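Let's look at this model together and ask what lies behind each label. Each answer sets a value against its cut-off.

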Amino acid sequence: MNYQEATTWLFKQLPMYQRQGKAAYKADLSNTELLAMYLGNPENNFKSIHVAGTNGKGSTSHMLASILQEAGYNVGLYTSPHLKDFRERIKINGTMIPKRNVSAFVTKNQDFFEANQLSFFEMTVGLAFDYFSKSKVDIAIIEVGLGGRLDSTNIITPELSIITNIGFDHTQFLGNTLPEIAKEKAGIIKVGVPVIVGEYNTETISVFEEIATDLNAVLYKAFETKGAVMQSDLKGDYQKSNIRTVQTAIKVLQKKNYSVGIQHLAKGLLNVVKNTGLLGRWQILQEQPKIICDTAHNKEGLQFTLRQLEKLNYRVLHIVLGFVSDKDLEQVLPLFPKQARYYFCQPEIERAMDVSVLKEHAEKLGLKGYVYDSVQKALEAAKKEIFNHDVIYVGGSTFVVAEVV
């Protein structure tokens with residue numbers, strides 16, 4: 001197989017959560033463990049940091065990778081989903097895995113994948129761990145895909161576990177209360193491995209304290225850390241909590257004899273995009289007039305982003321908006337301002353919410369706008385309506401943002 005054939009097969013042959021939703025979710029780690037054994041347990045050949053949470057785990061992972069790169073380490077980075085290119089998920093020192101590695105891995109192991117009906121995510125985790133092992137990375141930052149306890153990444157024993165925060169997302173898999181969701185995320189905590197919790201929540205902190213105690217894992221509470229939050233090139237207001245979490249993580253790594261100085265921390269935080277290629281986090285696409293996109297897609301994430309939008313000085317706010325079909329609109333649509341002009345659209349994926357359904361729900365809440373059959377058409381329509389003192393915001397879904405960055 002060539003690269004195009006290999007990725008087409010990966011995307012279409014087997015269930016994939018980001019396209020198909022619930023049908024792709026596996027309720028145990030047996031397939032991942034089977035694959036790891038078949039590959040020679042590559043996850044045991046490199047050190048790692050495991051990052052879970054409802055929001056902020058992608059940004060936190062990229063910040064950590066950037067800082068460790070600045071300190072001279074050979075750093076693997078595994079994240080999901082991708083925005084433009086499948087290979088964004090698997091990087092070493094900010095460089096995507098070569099196409100030939102992807103095609104060779106799929107070609108070599110296709111029979112095993114099919115015989116054991118492995119999911120897209122299981123295969124991708126196998127590819128990442130195999131690549132990091134063969135490339136002899138010093139350390140890999142591994143972002144959880146969904147939840148924690150049953151996530152395919154959860155076969156590693158990391159140097160450090162991080163849980164950024166807990167909010168309501170993927171409740172059909174993780175539970176309908178914050179303590180239930182926290183327990184699933186806390187599934188990444190391992191015996192004797194230090195764990196950092198990024199944000200305080202009265203309903204969940206006791207869950208983390210109890211599990212950390214049971215597993216003899218030292219618990220660090222980043223939200224209790226005193227001192228200034230350092231500057232980063234990631235400018236979303238919501239990044240302050242992530243930066244505090246990362247600063248705490250570096251202190252823990254220093255205790256474990258990692259050679260990371262304050263200069264590496266400062267430079268790494270200021271060069272996240274340059275060092276890792278992160279896209280879509282409060283990303284300014286254009287300055288005059290200002291066009292901003294952000295991948296926030298659940299209640300907690302959107303609250304932060306929309307609050308930051310309110311702080312901007314503009315004449316009219318134009319919002320290009322689309323969601324996936326399983327999004328709870330009653331949770332998120334009331335967060336959006338009634339005075340904005342809306343350009344409703346749907347991304348080009350199977351899971352996209354029908355744009356007419358979105359418009360119908362939005363209009364009931366006083367959100368007025370027009371329907372467009374693609375993200376690009378919606379953005380082009382918004383651009384035709386704006387003046388220099390206007391702002392366009394593009395968001396609602398990772399997949400909407402993916403089509404504009």
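**Glu403 and its surroundings**

Q: Where is the place of Glu403 in this predicted model?
A: Glu403 sits in the segment that follows helix H17 (398-402).

Q: Why does Glu403, though buried, have no salt bridge?
A: A salt bridge needs a side-chain nitrogen of Lys or Arg within 4 Å of a carboxyl oxygen of Asp or Glu. For Glu403, the nearest side chain of opposite charge is that of Lys84, 8.0 Å away. Set against the cut-off, that distance is too long, so Glu403 has no salt bridge.

Q: What does the side chain of Glu403 reach?
A: It reaches the backbone nitrogen of Glu348, at 2.7 Å. A polar contact calls for N or O atoms within 3.5 Å, so this distance fits the cut-off.

Q: Which residues does Glu403 touch, not counting residues up to four places away in sequence?
A: Glu403 touches Lys84, Pro347, Glu348, Val375 and Gln376. Contact here means heavy atoms within 4.5 Å, so Lys84 can count as touching Glu403 without a salt bridge between them.

**Arg351 and Asp326**

Q: Where are Arg351 and Asp326 found?
A: Arg351 belongs to the loop between strand E12 (341-344) and helix H15 (355-364). Asp326 lies in the loop that runs between strand E11 (317-321) and helix H14 (329-332).

Q: What makes Arg351 buried or exposed?
A: Its relative accessibility is 7%. Buried means under 20%, so Arg351 counts as buried.

Q: Why is Asp326 called partly exposed?
A: The relative accessible area of Asp326 is 38%. Partly exposed is the class between under 20% and over 50%, so the label follows.

Q: What makes the pairing of the Arg351 and Asp326 side chains a polar contact?
A: The two side chains come to 3.2 Å, and the cut-off is within 3.5 Å.

Q: How many Å separate the C-alpha atoms of Asp326 and Ser133?
A: They are separated by 36 Å, with their positions 193 residues apart along the chain.

**Salt bridges**

Q: How many salt bridges does the rule count?
A: The count comes to 14 salt bridges. Side chains of opposite charge can pair when their charged atoms come close.

Q: How do you know that Lys134 and Asp130 meet in a salt bridge?
A: Their N to O distance is 3.1 Å, and the limit is within 4 Å, so the pair qualifies. Both belong to helix H6 (residues 120-134), where being 4 residues apart separates them by about one helical turn. Lys134 is exposed at 57% relative accessible area, whereas Asp130 is buried at 10%.

Q: What makes Glu287 and Lys290 a salt bridge?
A: The closest N and O atoms are 2.9 Å apart, and the cut-off is within 4 Å. Glu287 counts as partly exposed at 48% relative accessibility, and Lys290 is partly exposed with 22%.

Q: Why does the pair Glu380 and Lys383 count as a salt bridge?
A: Their closest N and O atoms are 3.8 Å apart, which is within 4 Å, so the rule is met. The two residues are 3 residues apart in helix H16 (residues 375-385), or about one helical turn. Glu380 is partly exposed at 35%, and Lys383 counts as partly exposed at 34%.

**Cysteines**

Q: Why is there no bond between the sulfurs of Cys293 and Cys345?
A: A disulfide needs sulfur atoms within 2.5 Å. The sulfur of Cys293 is 13 Å from its closest cysteine sulfur, in Cys345, so the distance is too far for a bond. Cys345 is likewise in no disulfide. By this rule the count is 0 disulfides.

Q: Are Cys293 and Cys345 buried or exposed?
A: Cys293 has 0% relative accessibility and counts as buried. Cys345 also has 0% and counts as buried.

**The whole protein**

Q: What makes the protein as compact as a globular protein of that length?
A: The secondary structure comes to 17 helices and 14 strands. The radius of gyration is 21 Å, close to the 22 Å that the globule rule gives for 405 residues, so the description fits.

Notes. Residues are numbered from 1 along each chain as its sequence is written. This is a predicted model: local features need pLDDT of at least 70, side-chain atom pairs count only at pLDDT 80 or more; totals for chains, interfaces and linings use all residues. Side-chain values use heavy atoms; hydrogens and water are left out. Buried means under 20% relative accessible area, exposed over 50%, partly exposed in between (1.4 Å probe, protein chains only). Lys and Arg count as positive and Asp and Glu as negative; His and the chain ends are not counted. A polar contact is a pair of N or O atoms within 3.5 Å; within protein, one must be able to donate a hydrogen and the other to accept it, and residues adjacent in sequence count only if both atoms are side-chain atoms. The radius of gyration is taken over C-alpha atoms; the globule rule is 2.2 Å times the number of residues to the power 0.38.
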